[in-house]
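Subject: Structure for your review

Dear colleague,

Please find below the structure that I am handing over to you. I would be grateful if you could read the notes that follow with the structure open beside them.

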Amino acid sequence: MAKHLDGKVAIVTGGGRGIGRGIALELGRQGAKVIVNDLGATVEGQSSDDSPAQEVVNQIRAEGGTAEANYADVADHQQAEDLVRQALTTYQGLDILINVAGILRERMIFNMTEEEWDAVIRVHLKGTYNTTHFASIHWRTERKGGYRLINFSSTAGINGSPGQPNYAAAKAGLIGFTKSCANALARYGVTANAIAPGAATRMTDRGLRNRDDMRQGIAESENVEGSERDPENVAPGVVFLCTDAAENISGRTVGISGYRITLYSDMVPEREIYGSQRWEVDDLVERLPETVFHGLVPPSGDRPMGGGA
Ligand SMILES: NC(=O)c1ccc[n+]([C@@H]2O[C@H](COP(=O)([O-])OP(=O)(O)OC[C@H]3O[C@@H](n4cnc5c(N)ncnc54)[C@H](O)[C@@H]3O)[C@@H](O)[C@H]2O)c1
């Protein structure tokens with residue numbers, strides 16, 4: 001079978017487990033040389049363990065591919081620079097950067113501590129900025145083109161998961177960040193897209209903690225291999241975005257969940273009124289409810305808390 005990414009060099013952050021692992025394996029199968037980054041952290045971002053990244057590297061090599069492990073904390077600026085440098089020195093290039101690494105600290109806004117807020121913003125937003133910053137320096141210098149940046153967002157950011165204000169903010173922020181990079185880096189031959197994935201992993205297990213099977217200690221993610229919820233199902237759509245066939249796709253958010261691939265619309269103005277001078281509040285009280293805001297209803301308050309990803 002044809003390999004779509006022969007000769008390409010890729011970094012996958014958070015590539016040791018879950019969705020990132022599947023992506024790293026598929027990149028390897030498609031001929032890319034892969035740096036598999038993973039801190040080996042808990043879902044909440046604590047501790048570190050080299051084995052997840054190393055095991056994925058071992059599997060890529062066992063399948064005949066080429067890979068090296070990296071154990072950096074992507075949210076550490078210096079370590080992120082070293083990660084990009086590792087690709088450049090080991091494989092003499094960097095064509096694809098896929099920022100998958102992520103953590104959760106679920107809490108309602110009124111209970112959320114500063115530390116819980118900062119930890120999630122740090123890994124998702126700063127981590128993605130860090131790696132992208134150093135990759136973009138290389139892309140701007142080399143100007144070979146065909147570069148791919150893929151960042152991991154979430155429906156939690158698109159829909160506003162109530163129990164995850166930090167995570168929802170980070171994931172919505174990543175859509176803006178991705179669009180900014182798409183606009184800024186187009187001239188250097190970079191496409192940038194965001195993914196809103198869905199798959200059963202240890203992250204989504206957290207949202208199911210009250211379900212009967214979870215109470216009995218059976219995690220959904222441990223029983224999904226080969227099913228639609230298998231995290232490896234996200235990989236083909238992501239790898240497609242890395243191929244030449246996706247050269248005209250940039251600045252977009254793509255949902256990849258199970259066997260479904262979704263293009264999200266861009267946020268566009270929906271309705272507006274336009275005056276000829278500064279509005280009087282009296283006029284707006286009279287006119288806006290019948291025009292721009294006609295028929296709107298507020299959130300019901302019965303949305304699931306969103307304990308997963
Ligand atoms: N699983 C879903 O349904 C789902 C839904 C929406 C979004 N997401 C997003 O997809 C991505 C992957 O999630 P997953 O479900 O595979 O979770 P996961 O916990 O299985 O994998 C995340 C990986 O990131 C690594 N990581 C965490 N912090 C890191 C850091 N600072 N530096 C380097 N590596 C770090 C972890 O060690 C872990 O291996 C995340 O960004 C997540 O927010 C997942």
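The notes below take up the sheet, the helices on it, the core, the ligand shell and two loop residues.

Please bear in mind throughout that this is a predicted model.

The sheet

The chain forms an open sheet of 8 strands with mixed pairing, and the strand order is β3-β2-β1-β4-β5-β6-β7-β8. Its edges are β3 (66-70) and β8 (260-263), each of which pairs on one side only. On average, neighbouring strands are turned by 20° against each other, with direction ignored. As a general point, the strands of a sheet pair through backbone hydrogen bonds, either parallel or antiparallel.

Strand β6 deserves a closer look. It runs parallel to β5, to which it is joined by 6 bridges, and parallel to β7 (residues 253-257), to which it is joined by 5 bridges. On the β5 side, Leu149 has Ala192 of β6 as its bridge partner. Towards β7, Pro197 is bridged to Ile256, and Gly198 to Ser257.

Is β6 mostly covered or mostly open? It is mostly covered, with 9 of its 9 residues buried. This holds for both faces: Val190, Ala192, Ala194, Ala196 and Gly198 are buried on one side, and Thr191, Asn193, Ile195 and Pro197 are buried on the other.

Helices on the sheet

Helix α1 packs on the sheet and touches β1 (9-13), β2 (33-37), β3, β4 (96-99) and β6. The direction of α1 makes about 170° with that of β1. Helix α4 lies across β1, β4, β5 (147-152) and β6, and runs at about 175° to β4.

The nonpolar core

The largest nonpolar core has 74 residues, of which Val12, Ile23, Val34, Val36, Ile98 and Val238 touch the most other members. Helix α6 (residues 165-185) supplies the largest share of this core, 8 residues. Ile23 may serve as an example: leaving aside neighbours within four places in sequence, Ile23 is in contact with Val12, Gly15, Ile98, Val100, Val234, Ala235, Val238 and Val239.

The ligand shell

Which residues are closest to the ligand? They are Gly14, Gly18, Gly102, Thr201 and Ala309, out of 35 residues that surround the ligand. The elements that contribute two or more residues to this shell are α1 (18-29), α4 (114-142), β6 (190-198) and α7 (202-205). Thus α1 and α4, described above as lying on the sheet, also give residues to the shell, as does the buried strand β6. By class, the shell has 17 nonpolar, 14 polar and 4 charged residues.

Two loop residues

Two residues may merit inspection of their backbone. Ser47, in the loop between β2 and α2 (51-62), has a positive phi of about 60° although it is not a glycine. Gln92, in the loop between α3 (77-91) and β4, likewise has a positive phi of about 60° without being a glycine.

Are Ser47 and Gln92 buried or exposed? Ser47 counts as exposed because it has 9 other C-beta atoms within 10 Å, and the cut-off for an exposed residue is 12 or fewer. Gln92 is also exposed, because it has 9 C-beta neighbours inside 10 Å.

With kind regards

Conventions
Residues are numbered from 1 along each chain as its sequence is written. This is a predicted model: local features need pLDDT of at least 70, side-chain atom pairs count only at pLDDT 80 or more; totals for chains, interfaces and linings use all residues. A residue is near a molecule or strand if its C-beta atom, placed from the backbone, lies within 6 Å of it. Helices (H or I, at least four residues) and strands (E, at least two) are DSSP runs, numbered from the N terminus. Ala, Val, Leu, Ile, Met, Phe, Trp, Tyr, Cys and Pro count as nonpolar, Asp, Glu, Lys and Arg as charged, and the others, Gly among them, as polar. Two strands pair if DSSP finds at least two bridges between them. Axes are lines fitted to C-alpha atoms, for helices over the stretch in contact, and angles run from 0 to 180 degrees between N-to-C directions. Two residues are in contact if their C-beta atoms, placed from the backbone, lie within 7 Å. A nonpolar core is a set of buried Ala, Val, Leu, Ile, Met, Phe, Trp, Tyr and Cys residues joined through C-beta atoms within 7 Å. A residue is buried if 20 or more other C-beta atoms lie within 10 Å of its own, exposed if 12 or fewer, and partly exposed in between; C-beta atoms are placed from the backbone.
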